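Biologist: I am new to this structure and would like to learn how to read it with some care. Could you take me through a few features in turn?

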Amino acid sequence: MNSKILLAGLAATATLLMSSCINNDDPKDTISTENLSSALIFSVDNSTGTTSALSTTSASFETNYTQLTQGVTINNLKLADGVTLPKAKFSDLKPQSNNTGWMISTAATATPEVEGFPESMVPEFTNVRFSSINHTAELNGQTVLGAERAVSLTTGGHTYYLCCSQAWATGVTKVRSKENPSGEAFESTNSIYLIGVDATKAKATIQIYRAIFAPAMASLGLDIEFRDLPVSVDPAGRIHIDQAETFDPYYDNAPNPAFPISNLSCTWDPASGINIVFDCDAKGGSYNVSANMPFNYGMNVGS
Amino acid sequence: MNRYILIFISVWLCVPVLAASAADTTRHRTLRAVEVMGVKQDAGVQASMSTVTQAGAGELRRLGVSSTKGLSEIAPNFFVPDYGSRMTSSIYVRGLGSRMDQPVVGLSVDGVPYLNKDSYDFDIDNIERMEVWRGAQSVLNGRNAMAGQINVYTRSPWSGPAVSAVAGYGRGNTARLGLTARKRLSETAATSLSAFMRRSDGFYTNEATGAKIDFEKQGSLRWKTSWRPHGHVSLVNTAAFSMLRQGGYPYQETATGTIARNDTCFYRRTTWSDGLTLSWAGRRIVATSLTSVQYLDDNMTLDQDFTTADLFTLTQRRREWGFTQDLFTRGTRGSYSWLGGVFGFYRPSRMDAPVDFKDQGIAQLIEDHRNEANPFYPIEWFTRRFTLGSDFRTANGGFALYHESRWTHGRWTIEGALRYDFEHASLDWHSQCTTGYRTMHVLPDGSREVYRENPIEINERGHMAQSFGELLPKLAVSYSLGSIGNIFANAAKGYKAGGYNLQMFSDVLQQKLMRLMGFGMAYDPDEVVSYKPETSWSYELGTHLSGARWTASATVFYIDTRDRQLTTFPAGTTTGRIMTNAARARSMGVELTGSWHPSESFVATASYGYTDATFLKYESAGISYRGKRLPYAPQHTLFVSAEWTVPFSIAGTEISAGADVRGAGPIYWDDANEVRQNFYATMGAHITVARDERWSLRLWGENITDTRYATFYFVSVGRAFLQQGRPWQAGVTLRLAFN
């Protein structure tokens, strides 16, 4: 894989997919707007727990620093009853105080402004929640910025979840020998995991920078890719990438059967973080690799 | 080693020794008019408060010294190994030295400071005097005189015969020719023009081609003019030009014991300089202006793997200018004397340094490693040769203010000095590479099909800059013992400038290439190539003694070096080295010198240096080297010489015969102290027939015991190499002088 594209992909969550500007139309208020050009969205039938297929849309997020409110605009919001709201703008979400590093703004009830729709035709939403966090890491001598955005809102017995189509996280990667599972784990905080989901294909890619699947890989700085992985979602709004069968990872844009991967289980909670575990048969042994990576990893936050 | 030390100690005990003086130690003591203009370091008073080795023209001629390398071991703890080419002027003093950009020893010729250590190694004819000042000399000489200062003074056009010539021939088809013409243009002006050439076939053979590998051809011109238009005003201008072409780099692979490579190695250099010294001398004050311009144009091309394999080659082409201006005044008022001045310099440079990867280099260094990790999808490079290109523009400039004051009260002399040195360094770099590879897929039947094409295009530019300022104090005190000598002590801060190690850029580009292939750690170029200044505190305690027929000096020293500049591997990695100021070291030792001339016909000199230099703090790739000895610098240096002169009854001639022994070691070649060269000694001898200064014929021999020793050792691409010291040499030198 071409590292130049990888690096761009890593930064894409903050730059290519999002553009921001300061809007000072109202001279009394300072407002910033972020535009998310590629967002994932799916719904959950709260009565049955059935989830819809992933689809793609776009959204924008507004922060009014003067009024201390946030707003979310979702484009082409398709409701379960078949209605599509072309541009639903939720305003006046109030930030909740917390010391987790996340900015969480909520509204118990909210009726969005929808262009071209009379107010009477716009449903009321409940439990509107917008979570956002910015985080950074160093890669190839550059600082990369991650911007995680997650929205959940409920109407008509369905909860709708929206997030970026890519996310990356870092944390403690633990590598244990499968021959000696009770032995001490090799730990490293160097790896960065980037998830990208293609909703139209229902496939995901996991890219691991400075991958460590065995202790001997710690100093090699290899960039490894898991491609074409099946994707599913759960009623809690999480995205799952699971493949129990053995597959070949990609290295330098070519599959590498030399260290097959199996029993992959990855959970991406857009409002929390990424958790991944898999087995790898590397040279010199079989290893279990796991990493639990909250998006606020490394931030000086409270519990 | 013990045997050599025992011999030396026996000689030292039997021969009362004194400090080597600036006086001509040959039998014929001809007083010469020495041009002292532009001299900041006083060979008399200041030398009594420092440690300095001075050699006059006669002694230099007697020992066959015509370059700074020739004083190696003669000055104790002063070691200049002869390896590589004339570009590799690595000078070690008291354990301190540098193989990289900035030297630890300054060099000036007739007051003109040489800004680039790559031009330090050259032959000069007509040397009047050479001095090796040891200890921190940064107060008067500024940047890069952290461990010492070498001053070379050429003969004044006012003195000497109208025409002098030298011709010599020796083993290795080594020939030298020199011609100097002096002319008094008027009562107030004199000029001299010197031409010098030297050629040699060399001594080492490239087994792959059968040709000598260390051939050399060099030539130089020096035009010196002195004008005294007024009783108080004098000017001296020295213009110099030199050209050099040599093979060099006779590195022998230790596994095979042979020198064999298939690509060319050479070093070509052209330099010219002009230095103008203008002095105005009043009753109590002398004001001096020293202006110089220097130009260096060189090309170093190396078979970088030094084997017959087609791995990779390096070329480094450079053009550099240097401008210096030094304005200083010195004066005396009763028991108080002082010197103060301002110095500025500017040094712009352009360098082009491509690295060519060749067939086997691509295979062994890139393809094999990559394909071992994924043999099912191996890669094949587009072409069997590609270039990692780098070009650079650097500019260094700075200024300094300095002052030195000295008081004498009774037997006591106290000296205090301070220098503020400011420097700004900038680098504009451009890296480019157009290449690529294809990923193949190995099919079940063993055949291959193209899986993917991977073009690589690198074209990046960057700019870096940094500034640093240093305050450099010095304090010295001397107590006179009357006519017999003195005791002195001094403490001084030394300074080696920061900058950019351009040779590290090949690492940056290689890491970039690896990154584009999906592995390795890419580092910020600034982090990889830049380094901050290195500083030291130097302390000395010593004595200079002399009698009617002997001189002796002894010095003990301690040097604390901080922020030592070196290359390391960051913790946890074994690839991707970076420049850093990562180490602290200390060096301590003793130096003894002496001479004895019991009669007009015999003179003996000796010097011994001991240095214990170790790392106090240094870590690379997670390994600590604390307590390990600093590599490349010898622990002991030894020099002993004796000469007898016998008058001959025919036409006023005399015959002199002399012998000398030089020794150095042990020398460690690596930070871990796992490989070393033991102490070794070489012997020289000569017989000279001379008549006054009209003519002399000298038969000489160097390393007549044909001692085998290594002058350099390194590891490259998993192979160990060393360079052997030169084998025995012998020759004849004829000197003629006409008035």
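Modeller: We will go through confidence, then domains, then a single residue. This is a predicted model, in which local features need pLDDT of at least 70 and side-chain atom pairs count only at pLDDT 80 or more, while totals for chains, interfaces and linings use all residues. Residues are numbered from 1 along each chain as its sequence is written, and chains are lettered from A and ligands numbered from 1 in the order in which they are written.

Biologist: What average pLDDT does chain B have?

Modeller: Where pLDDT is low, the predicted coordinates should not be read in detail. Chain B averages a pLDDT (the predictor's confidence in each residue, from 0 to 100) of 88, and 92% of its residues score at least 70, but residues 1–38 of chain B fall below 50. For the complex, the predictor gives an ipTM of 0.76 and a pTM of 0.83.

Biologist: Which domains does the assignment give for chain A?

Modeller: Domain bounds come from an automatic or database domain assignment. For chain A, this gives domain 1 (3–164) and domain 2 (167–294), whose C-alpha centres lie 27 Å apart. The contact between them (C-beta atoms, placed from the backbone, within 7 Å) takes 24 residues from domain 1 and 20 residues from domain 2.

Biologist: Why is Ser506(B) classed as partly exposed?

Modeller: A residue is buried if 20 or more other C-beta atoms, placed from the backbone, lie within 10 Å of its own, exposed if 12 or fewer, and partly exposed in between. Ser506(B) is partly exposed because it has 18 other C-beta atoms within 10 Å.

Conventions:
Two residues are in contact if their C-beta atoms, placed from the backbone, lie within 7 Å.
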